Amino acid sequence: MTGMDEKRHWAEQYPWLGTAPLPTEPYVSEKYFALERERVFRRCWLNVGRIEDIPEAGDYFVREIDICGASVLVIRGTDGIVRGFHNVCSHRHYRLVPDGRGCRRTLRCPFHNWTYDSEGTLVHVPDEHKFHDFDKRNHGLTPVHTDTWEGFIFVHLGDNPAANLREYLGGVADRLDGCPFHEMKLFQSYRVEEQANWKVMLDAQNELYHLPGQHRWTLGSAFAKNSSTGSRFREFTPYGHHNSWSGEYGLSQKLTPLKIVLFLNNDDTPEFPIDHQSGDMEHFNLFPNMVLTLYRVGRSSSCITYNLWPVAVDRTIWEIRFYFREASSVRERLQQEYFKCLIRETLQEDSAAHEEVHAGVASRAKQHILLSDDEAPIRHFRKVLEHHIALR
Ligand code: FES
Ligand SMILES: [Fe+2]
């Protein structure tokens, strides 16, 4: 939907989202955080990486899911299959693999040397004959439900997921199926730990309203404006648990010689359009804690993902990954580098804002936040969250 930016049309289009102020208690309540652990993070598919992170047999990484107290080992077996396991030895439950990543054909527990293969089978137990009624074939690593969609690896910590991954992703996957993520390479990734509730952080990534303020020196003038000062929301679509929205770049930027190199769609870089993209920047929220954004960069497209990993009610790790297609010209490489630096600086501004907002909310000076119509994705996220929290 375009050209309706003067109206409060998201409330008209999606009246079930409501218009009332939202309570702040879920941002600061330990009780609510405990419910999020049990009813959200233990019950939803969670993106933990990409298949390119573990291309060869024996390649693995460990993902700490702090809110659930879980450590998950994701490993590619000699049969090529990507599997997830609880990173816990079957003997006396020592953490099998320390943090990080690597490549191993066998995994040996540091405590008493029980050894597993890359498919999670227990293959060696010192003094095996001294165990009672023991068949090591019954004591492999405990699997975690693991599946992939378009190269993104997801795990589910519950016993019986209510939906398989593809069903869970639903309309977002319908939109993005076939998107050439496999042609993009991880360009940079980093993690930052913030003193903020994970929802405060997610909220701030779900509106363009703050661009002319918080990002006035970075992105403030990059996006198209509505008739006042706000950045125009081009499209907002709820997809069940998930949603997408998009923005468009403004045409009014002053084009310096450098910006002409950096922004214009010159013919010396091949096109890499993503057909699935609506607007110049499209933002997909994959409930609960993943954001996937597609940006146009020159004639190409890039993908940035965010994963928000709650550690405590007031502490969250923000993991950010930049993906670009391999540059085919100096101009394209320059565009990518500039874009990466620009976004990185912008996200540092966001980190500062997240902590400021969290401190304000935690002061309990006020009990509600107020949302404009163009902050509708925040309302949608909160509706979905409340739905999950209410399910016993
Ligand atoms: S706890 Fe792993 S071998 Fe004993
Ligand atoms: Fe921002």
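Biologist: What makes both faces of strand 11 covered?

Modeller: Phe152, Phe154 and His156 on one side, and Ile153 and Val155 on the other, are all buried. Buried means that 20 or more other C-beta atoms, placed from the backbone, lie within 10 Å of the residue's own. This is a predicted model, where local features need pLDDT of at least 70, side-chain atom pairs count only at pLDDT 80 or more, and totals for chains, interfaces and linings use all residues. Residues are numbered from 1 along each chain as its sequence is written, and chains are lettered from A and ligands numbered from 1 in the order in which they are written.

Biologist: Why is strand 11 called mostly covered?

Modeller: Strand 11 spans residues 152-156, and 5 of its 5 residues are buried. A strand here is a DSSP run of E, at least two residues, numbered from the N terminus.

Biologist: How do you know that strand 10 and strand 11 pair?

Modeller: Pairing takes at least two bridges found by DSSP. Strand 10 (residues 143-149) and strand 11 have 5, in the antiparallel sense, so they count as paired. One of the partners is Thr148, bridged to Ile153 in strand 11. The hairpin has 2 residues between the strands, and Glu150 takes a positive phi near 45 degrees there.

Biologist: What makes strand 2 and strand 11 a pair?

Modeller: Strand 2 (residues 46-50) has 4 antiparallel bridges with strand 11, so the cut-off is met. Leu46 has Val155 as its bridge partner in strand 11.

Biologist: Which domains is the chain divided into?

Modeller: Domain 1 is 9-24 + 171-390 and domain 2 is 46-160, with bounds from an automatic or database domain assignment. Their C-alpha centres lie 33 Å apart.

Methods:
A residue is buried if 20 or more other C-beta atoms lie within 10 Å of its own, exposed if 12 or fewer, and partly exposed in between; C-beta atoms are placed from the backbone.
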